[in-house]
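Look at how two helices from neighbouring chains pack. Then turn to the chain contact around them and to a small sheet.

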Amino acid sequence: MAVSWLSRLAAQSSVPVFPVRGIQGEAALHRLTLTPGVELVDSPRHASILLVAGGVPPDQHDALRRVHDQLPNPFATLWYRSEPLAELASATRVDDPDALPGTLMTAHQELMRGKRGSSPRLLPDEPPNPWEGLGDDGHGGEGMMGGVPYGRPMAMNMHDDIRDGLTLDSLTVTLGPFLPMLPPGLGAKVTLQGDLVQSWITQHAPYPIALESVFLEAREHPVPIAELELARARYHLQRLAFALRLAGLERLALESLRLAQGLSPDSRLEGLRRRLTRCGFFRLTTTGRGWLDETLARRVGGVAARAAGLEEDLRSQDAAYGRLKFTPVVQSDGDTNARWCQTLAEIEQSLQLARQAEREGLYSETTEAIETPRGPWGEQRPGDASGVIDDLLPGLEWDEAMTTLASLDLAAVSEWPQDVTQELGEAPGDGADAAEERRA
Amino acid sequence: MIVNELILPVILVTIVLVVGAYLVAVIDGMIAAALGTPQRGGAWLAPLTQGAWLLTQQANATEAPDWRAWRLAPALYLALAATGLAVVPFSPTLIPTDLVTSVVLWGSVEALATVVIFLHGWSANTLLALIGAYRYVALGLSYILISMFVLIGVALPAESLQFSQVVASQEGLWNVIRQPLGLPLFLIVGLGMTFWGPFNLADSRDLAGGTASTVSGPSRLVWELARAAMLVAFSGVAASAFLGGWLGPWLPGPLWVMLKMLGVLAVLLLLGRLLPRVQPERCVTLMWVVLLPLSFVDLIWAGVEALL
Amino acid sequence: MELLTLFFILLIAAGLGLLIQWLPLRRQPMPTYPQRAPFLGGGLPETHAWSRFHVRYYPMTLLLIAFEMEMMFMYPWAVVFVEQGMKAVMEMGMFLAILSVGIVYGWREGVFKWQ
Amino acid sequence: MTLATLLLLAAALIGIGFYGALSQQSFVMLMMGLELILNGVMLAAVAFWALSGAGAPEGQLLTIVVMAVMAIEMAMGFALVVAVFRTKQADVTEGITGLKH
Amino acid sequence: MDYPLIVDIFFLLLATLAVVSGWRVFCTDSMVRASFFLLVSFIAVGVIMILLTAEYLGVAMFFMMAVEMMVMAIFMVMFMMNPAGLNPMMMVHQHKFSIAAGVAIFVVLGGVALLSEFPDNPLPADLDPVASLGNELLGDSMLIFESAGIVLLTTMIGVVVLSSHRGRYGAAEEGSMPPGLEPGGDPAGMPEEGDEGGHHHCH
């Protein structure tokens, strides 16, 4: 009796969702962030629903199985525009972004009320290494440091420390591809000593990102500059939102996303920028670390290059932009701080260009070389630049490494455009959201 | 006598702790909604449904945790919060633990909180929790000196290390006005103690939840409850040290204490939502090089003021 | 008496904390090994996380112990501050001077940085 | 709780502390032993102060001084361990004796 | 001086706790547990001190020892192999001798405690222990107070010189570098001297 009462109460809680960010799943997650009653959490242990948003390449299915098995009972899985794993063929699959929040909530409620069973465990219940009863002490090996107690070897000092002279144990782990603070798909083999990154070897490049279709159209025929610039600003705002969420600024992250959602040439960035500066984001959170030299900055391209002082922007080759008196903004320092300053400056510039271009009804003219928000697209699309971080992150403290990573845009550009209906569709919760706010 | 000195205070502390922790969640939800976080359902029900969900969720384990320490840490953190609340005088007579050195006892609660939070992250035996634990220790060992200086500042005019005397010494003028630097510095300590908002170095997002990243179900419920309870205890101490505790016209003393606690809570929760997380290395430097000297200034101010 | 009250309060709070955890856990089976593996976004650790953890702020902790000891003297001093008047003020001056020298020296040597 | 029982407890703590200080190979564990000895000493000092010294303030002062000794011993001890470890990559007592020569 | 029965009961419990946790320090595999067992032992002794009306010293014991044992745990984990005791281990030498020495010391000291006569001079009823300590510190024992300050300052400096490899006079063999690098000069993220507040903002 008491239990059923408890589960009825639990069914009314907001839905804790752990998102696995697959290929092209970001847009749906941005919308979920703004949906009331859904909470995107950072650890699978804090979730009742595993949402696989977007496709996952077959070679990463093992990693997906591991994440799947890390959710505590009871939990359900939901596949958004993604093929469920073979073992979970009967799992719920959703393709319509509008239906996603509703399906999530129903799944959570059914789970709590006991109408839906928990998703089955996929991996065998075995320790990573057999250990019980082996060796001197029954701990899987001999000696103080030998063996595999509880199924895993002990940490040893393998690398000399790179900062002070104390060489202590280093921890080597593979991270990703579904770690929420890394870019989607990025996987790496990382050695840490203390909370300092000793070495970082990128194993899986981040998933290619899909740009809005207007950028692909711009490669084929002239498009309105206003549209192009708004799409650019939207892209940067969404990246900013991710970094702000990471920095614990939930409020500004949401503001940034909302701004992106309702972006028009009349949108203004000043409010967001003022709040960012006032709350100390540039002083307390971003650091002067993560510095890219000229070669590395050129490899990454785009914002990172201009933040490092390279005046490279393909827009200056376009005659239409020339009529708008476009000159690229640049920063000189090339560190995390400079990259965010650059991003903000570029959003502002894009909004201003969009206003001007709309007034004058300008179309882009050059189609051979366009500047995407990710970087220059001349001969070929901006490629994967995740190799850069292998040199950049060693020596950084974990928090610095994550902040640096968030400030870098490394993924390649996909050849497919982002799904249009998804981006332009009205957010389902918007009206209800405002009503809720008033009531609270 | 037993009723007045034993049963009443025990019940009072328990109720204030539990109701206070609930109110922390409610106020935080309201602030979040006011700042634009989309919310479904009322702020009043949300903590209860969340708690119910955690109770029905399975408690997670790790491969080889330090079981006892892992389960004990949240409970001990809650117990520390209760101890902190016990030193708060609710009225001249209604004081759960009126130790002669209750100010120092609160200092020990702060120091022991660091130990407990470390233990919570350490005993899980996973990378992210471990980093969170160690990172928190850097913060915990930095704020403790600031807190001590600020509290010694309020002890000077009272000529006592007893919170009831500290409150009594504010009869004429509250310490928040008499020692203007004190309360802001102390609030920073409060955010640090509960790793809330800008000082959330233990359970931060960049560690996927840090020390709490591997706990789920009832254990996580106790941990979050204890964290909220610690905020309540802290606000009680701040209210008596700086806002004149039970002093105030018209209303009875205990009511004043609770109103002031609510005020401090609201400020803390708002700060937690408005400020970004401070980068750990910068946080330590900030504490030692900026805030600690400021607390020296506060102490000198308090000393000169007490002698005049 | 106040200690007894404190003891009961401690007992209730700690008991509550343990009970909430223990009651639902009685009937729960041990989670499977894959579930217990550390969460690294699908990745795996090579070793146990428990290790000789390289703490990057260790000089700061040692400095703190010395500071903490000074605080030990400060509390009784606070009680008699008003009574003792000028003498106590001089004492305070000396204390703060020592501490400030310690902080400035530590700062110059980069003690508050990650080593 | 009489003076005799308090001193007996102090003696027990000191005894355990001595066992630890003598038997542990590692320098940090050795320091644990020393701390336990000082723990007993402090208890004895307070017991004398409260029950036998008629509240002479020197009793409390002695305790504080012991505590200070403890803190200094710990801070210097750990600093030494760091310095030794940096040159020798070892933490056992033998490492420290090596430093003397 | 007579204490009520409940005090005696609590004393007995606390004494057991202090001794048992003190003993557990040396027979647990996990270094973190060992440090915190020691902390428990200290806290138990601290509570006994409070029962003896040394209210300041008892409570001060809590915060001093909480910080010290936290630092202790950090260093123990840093420098001991197998810090969590995942593999059972025994890191002792001269074991028998040490046990004998420990027991002998207990017997001798315990004998002294039981057999010798100490004057029975309980605390005066009107004594304020904290104020008396404060007055002593600012009165007769001023010298101790002052010299403690100096000694602690020396400790601070000594500790920094010994433990920090980034001292001005030479450094450890590896990983050391002179201070005062040009800002932003090192991609490896070596800490730079004096980069407080000098950060660039956008306006």
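Helix α1 (residues 3–23) of chain D packs against α4(E) at an angle of about 160 degrees, with the axes 8 Å apart. Axes here are lines fitted to C-alpha atoms, for helices over the stretch in contact, and angles run from 0 to 180 degrees between N-to-C directions. α1(D) and α4(E) are therefore roughly antiparallel to each other (the term covers angles over 145 degrees). Their crossing is right-handed (the near helix is turned clockwise from the far one by less than a right angle).

This is a predicted model: local features need pLDDT of at least 70, side-chain atom pairs count only at pLDDT 80 or more, and totals for chains, interfaces and linings use all residues. Residues are numbered from 1 along each chain as its sequence is written, while chains are lettered from A and ligands numbered from 1 in the order in which they are written.

The wider contact takes 70 residues from chain E and 56 residues from chain D (C-beta atoms, placed from the backbone, lie within 7 Å). On the chain E side, α4(E) gives the most, with 13 residues. Helices are DSSP runs of H or I with at least four residues; strands are runs of E with at least two.

| Residue group | Side of chain E that touches chain D | Contact of α1(D) with α4(E) |
|---|---|---|
| Nonpolar | 50 residues | 19 residues |
| Polar | 16 residues | six residues |
| Charged | four residues | no residues |

Ala, Val, Leu, Ile, Met, Phe, Trp, Tyr, Cys and Pro count as nonpolar, Asp, Glu, Lys and Arg as charged, and the others, Gly among them, as polar.

In chain A, three strands form an open antiparallel sheet in the order β6-β7-β8 (paired strands share at least two DSSP bridges). β7 (residues 187–193) and β8 of chain A pair over seven bridges.

Notes. Contact = placed C-beta atoms within 7 Å. Parallel < 35°, antiparallel > 145°, perpendicular 65-115°, else oblique.
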